[in-house]
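Thanks for coming. I have one structure to walk through today, and I will keep it short.

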Amino acid sequence: MTCRFSSDAARREFTPVDNAFISEYLPSATGLQLQVYLYGLMQCYQPGMDGAIADALGVSQGAVAEAFCHWQTQGLVRIVSEKPLIVEYLPLQEAAAGSAAPQKYGGLVARLNTLTAPRQFGMQELRHIYDWIEVYGLEEGAVLELVAYCMEQKGRRVSINYMSAVAQGWAEDNIRTFEAARAAIEAYSLRRHGATAILRQWNKRRRPTQDEMALYEKWTGEWGFSDEAILAALPRLTVSGSPNFTYLDELLSALRDQRLTEASDIADDDEKTAQERAFAKLLFARAGKVEPATRTQRAQIAMYLTEYAMPRELLLFAAELSRGANEPFGRIKLLLNDWHNRGISTVAEAEALEAEKRQKPAPQKRRGAAKDYAQRQISDADFENLFLDLNQEIGGE
């Protein structure tokens with residue numbers, strides 16, 4: 001059995017409003033907030049008036065939810081469910097006993113409500129937020145930035161404990177003002193963006209870890225690399241089967257030692273390396289070597305070109321003379337070192353010297369050798385090959 005007033009009868013009844021509400025809460029509320037509170041209060045006393053508040057007031061459902069969020073922070077209602085919106089009215093005495101937000105934070109709570117809607121902080125959560133101000137020394141502007149930042153990172157249902165941990169970290173880093181908070185968030189966004197860009201280059205669709213972002217901060221902050229320079233260095237890791245931030249850290253450390261911290265510097269160095277590889281390949285081809293030159297061998301070739309100021313044609317001539325040797329590159333170095341010591345710097349001079357060497361008579365056999373021992377003469381070629389073998393063992397080529 002159910003008995004209730006008709007809707008017409010309900011309209012003629014009265015809805016009691018506590019004088020404490022009028023004197024303490026009405027002055028700081030907006031018109032819509034008052035309309036929503038009073039209409040909902042009427043529905044509590046008159047269940048027959050259970051129509052949609054939004055339709056009755058001619059506003060959106062979101063506006064109604066936002067208004068109730070305000071009253072929840074004041075301790076007058078509890079939002080049981082957001083979808084569908086279910087609101088419980090609480091006794092005014094509980095709010096008066098201290099469960100409501102302090103009046104000095106009324107403006108902050110209102111701005112938090114707008115920022116986090118439809119989610120609203122409960123009184124226990126608000127007490128944590130007040131501690132950020134009273135214990136950690138954060139300004140209200142920094143608090144709003146912190147809440148927005150945490151929701152962006154973890155979603156709108158981010159826990160108050162996570163936000164409190166961030167607030168403590170900000171306080172330890174002296175991030176207490178609105179300006180400092182904005183600067184910290186922008187710096188973090190840049191770090192995350194830069195680290196994310198690296199992951200995208202490696203076809204990794206995930207967020208960077210804290211350690212990866214810390215490395216990126218070190219590269220750009222302490223080491224002076226530009227964002228473009230870091231991206232320009234990535235192709236150098238293609239030899240790695242699985243490039244990662246650890247390998248990249250080692251690579252950038254080496255580039256830093258070479259003072260290559262800008263994208264243009266790295267590009268120039270890449271071009272120089274490509275040219276060195278191309279010439280080394282040509283040099284080895286002239287000498288009959290099929291395997292590619294090692295990094296050490298390329299460095300030695302560069303030494304002859306730069307420190308010894310030998311022309312490329314002279315190195316290629318040495319390669320041609322070394323074709324067919326047991327160790328062509330060792331023979332090349334032997335020739336180049338000899339030419340350098342003799343002050344030879346052109347192909348014509350080298351040709352003349354080598355022609356002169358070929359015209360020298362072969363050494364005479366030794367006389368008076370004991371008949372009991374077979375004497376074996378060592379030719380210039382044998383001696384040269386022996387020298388090359390020793391040079392190879394010592395030099396590691």
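**Aromatic pairs, a hairpin and a surface patch**

In this model, 15 aromatic pairs are present. Please keep in mind that the model is predicted.

I will take two of the pairs in turn. A pair of aromatic rings is described by the distance of the centres and the angle of the planes. Tyr149 and Trp170 make a tilted pair, with centres 6.2 Å apart and 35 degrees between the planes. This pair connects distant parts of the chain: Tyr149 belongs to helix H9, residues 140–154, and Trp170 to helix H10, residues 160–172, with the two 21 residues apart.

Are these two rings on buried or exposed residues? Tyr149 counts as buried because its relative accessibility is 11%, and the cut-off for buried is under 20%. Trp170 has a relative accessibility of 8%, so Trp170 counts as buried too.

The next pair is Phe317 with Trp339, and this one is stacked: 5.8 Å from centre to centre, with 20 degrees between the planes. Again, distant parts of the chain are linked, with Phe317 in helix H17, residues 312–321, and Trp339 in helix H18, residues 328–342, at a separation of 22 residues. Both Phe317 and Trp339 are buried.

Which residues do ring pairs link into a cluster? They are Phe21, Tyr25, Tyr37, Phe68, Trp71 and Tyr89.

One more ring has a charge over it. That ring belongs to Phe279, and the charged end of Arg312 sits over it, 4.6 Å from the ring centre.

Now to the strands. Strand E1, residues 77–81, and strand E2, residues 86–89, run antiparallel and are joined by four bridges. Together, E1 and E2 form a hairpin, and four residues lie between them. If you want one position to look at, take Ile79, whose bridge partner in E2 is Val87.

Last, the surface. Which residues form the nonpolar patch there? The patch is made of Val17, Ile22, Leu26 and Leu38, and together they have about 270 Å² of accessible area. Of these residues, I will pick out Ile22, which lies in helix H2, residues 19–25. Ile22 has a relative accessible area of 40% and is therefore partly exposed, as that class runs between the 20% limit for buried and the 50% limit for exposed.

To go back over the two ring pairs: Tyr149 with Trp170 is tilted, whereas Phe317 with Trp339 is stacked. That is everything I have.

Technical notes:
Residues numbered from 1 in each chain as written. Predicted model: local features only at pLDDT ≥ 70, side-chain atom pairs only at ≥ 80, totals over all residues. Heavy atoms only, no water. Patch = residues over 30% accessible without salt bridge, like charges linked within 9 Å, V, L, I, M, F, W, Y side chains within 5 Å. Areas by Shrake-Rupley, 256 points an atom, 1.4 Å probe, with all protein chains shown as cover. Salt bridge = Lys/Arg side-chain N within 4 Å of Asp/Glu carboxyl O. Buried < 20%, exposed > 50% of the residue type's maximum accessible area, 1.4 Å probe, protein only. Pairing = 2+ DSSP bridges. Phe/Tyr/Trp six-rings, centres within 6.5 Å; stacked < 30°, edge-to-face > 60°. Lys NZ or Arg CZ within 6 Å of the ring centre and 35° of its normal.
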